[in-house]
Amino acid sequence: MGIAENLKTIRKSIPGKVTLVAVSKTKPDEAIMEAYEAGHRDFGENKVQDLVAKQERLPDDIRWHMIGHLQSNKVKYLASFVHMLHGVDSLKLLEIINKEAEKYERVIDCLLQVRIAREETKFGLTEGDLKELLGSDAFREMKNVRIRGLMGMATYTENSEQIREEFRLLKRIFESLKATAFDKQDWFDQLSCGMSGDYDLAIEEGSNMVRIGSLIFGLRNY
Ligand SMILES: *Cc1c(COP(=O)(O)O)cnc(C)c1O
């Protein structure tokens with residue numbers, strides 16, 4: 001099936017309020033343009049260099065999501081245009097994003113990445129880290145970042161019950177922050193979780209932003 005067709009099928013299977021980020025990493029411009037021509041505007045990349053190169057070549061009204069781990073020395077390349085940063089996992093990184101955004105007189109939307117997977121290898125903040133970050137003076141003084149919500153990645157496993165529990169944990173942390181640190185911030189409303197293999201579970205557990213690559217563009221060969 002073609003890309004436009006795949007998009008249509010996925011779009012039909014998810015609620016309207018769920019944002020679909022088409023993960024175009026490793027895919028050529030033509031593939032992105034096929035989705036674009038079909039009306040799609042939200043695209044995700046996980047490498048700064050690729051994201052910047054594609055942004056320069058492709059239409060201006062694409063909303064670019066940086067979904068991968070972000071190194072602080074690369075924030076400057078994205079700061080003028082990026083739509084959302086999904087993988088923010090430290091106060092230090094947030095401070096740099098704030099500083100770079102200020103140079104362009106922008107406010108950059110960020111998601112804090114939470115470690116929900118039981119696997120050791122995944123990036124992300126623990127619940128304790130989150131409390132510390134959000135409670136810090138340094139965070140309170142930032143004017144050029146806006147925390148829109150949380151992002152998480154489940155363990156890479158066939159065990160859907162485990163995946164479900166991890167998404168549920170993310171949702172619980174999200175709700176708890178919404179009732180405390182973000183109780184007056186209406187914009188704290190985004191929960192980014194779910195990929196090709198588990199997006200249906202994620203939505204059932206409260207996700208309203210899914211990041212889908214292979215189901216739209218086909219398998220990647222690295
Ligand atoms: C690659 C990637 C995705 C999409 O993965 P698929 O399984 O192809 O849908 C989603 N989120 C992140 C952070 C990724 O790196």
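Colleague: What makes the ligand's pairing with a polar backbone atom of S214 a polar contact?

Modeller: An oxygen atom of the ligand is 2.8 Å from that S214 atom, and a polar contact is a pair of N or O atoms within 3.5 Å, so the pair qualifies. A backbone N or O atom of G213 also lies 2.8 Å from a ligand oxygen, and for a side-chain N or O atom of K25 the value is 2.7 Å. On its own the ligand exposes 380 Å², of which the protein buries 90% (Shrake-Rupley, 1.4 Å probe). This is a predicted model, with local features needing pLDDT of at least 70 and side-chain atom pairs 80 or more, while totals for chains, interfaces and linings use all residues. Numbering runs from 1 along each chain as its sequence is written, and side-chain values use heavy atoms, without hydrogens and water.

Colleague: Which residues are around the ligand?

Modeller: Those with a heavy atom within 4 Å of the ligand: V23, K25, I67, M153, M195, S196, R211, I212, G213, S214 and R220. By class, five are nonpolar, three polar (Gly counts here) and three charged (Asp, Glu, Lys or Arg).

Colleague: Why is α6 called roughly parallel to α8?

Modeller: The axes of α6 (residues 127–135) and α8 (residues 160–179) come within 12 Å and cross at roughly 25°. Angles under 35 degrees count as roughly parallel, so α6 is roughly parallel to α8. Their crossing is right-handed (the near helix turned clockwise from the far one by less than a right angle).

Colleague: Why are α1 and α2 oblique to each other?

Modeller: Helices α1 (residues 3–13) and α2 (residues 29–37) pack at about 50°, with axes 8 Å apart. That angle is neither under 35, over 145 nor from 65 to 115 degrees, so the pair is oblique. α1 passes α2 in a right-handed crossing.

Terms used: A polar contact is a pair of N or O atoms within 3.5 Å; within protein, one must be able to donate a hydrogen and the other to accept it, and residues adjacent in sequence count only if both atoms are side-chain atoms. Axes are lines fitted to C-alpha atoms, for helices over the stretch in contact, and angles run from 0 to 180 degrees between N-to-C directions. Helices (H or I, at least four residues) and strands (E, at least two) are DSSP runs, numbered from the N terminus.
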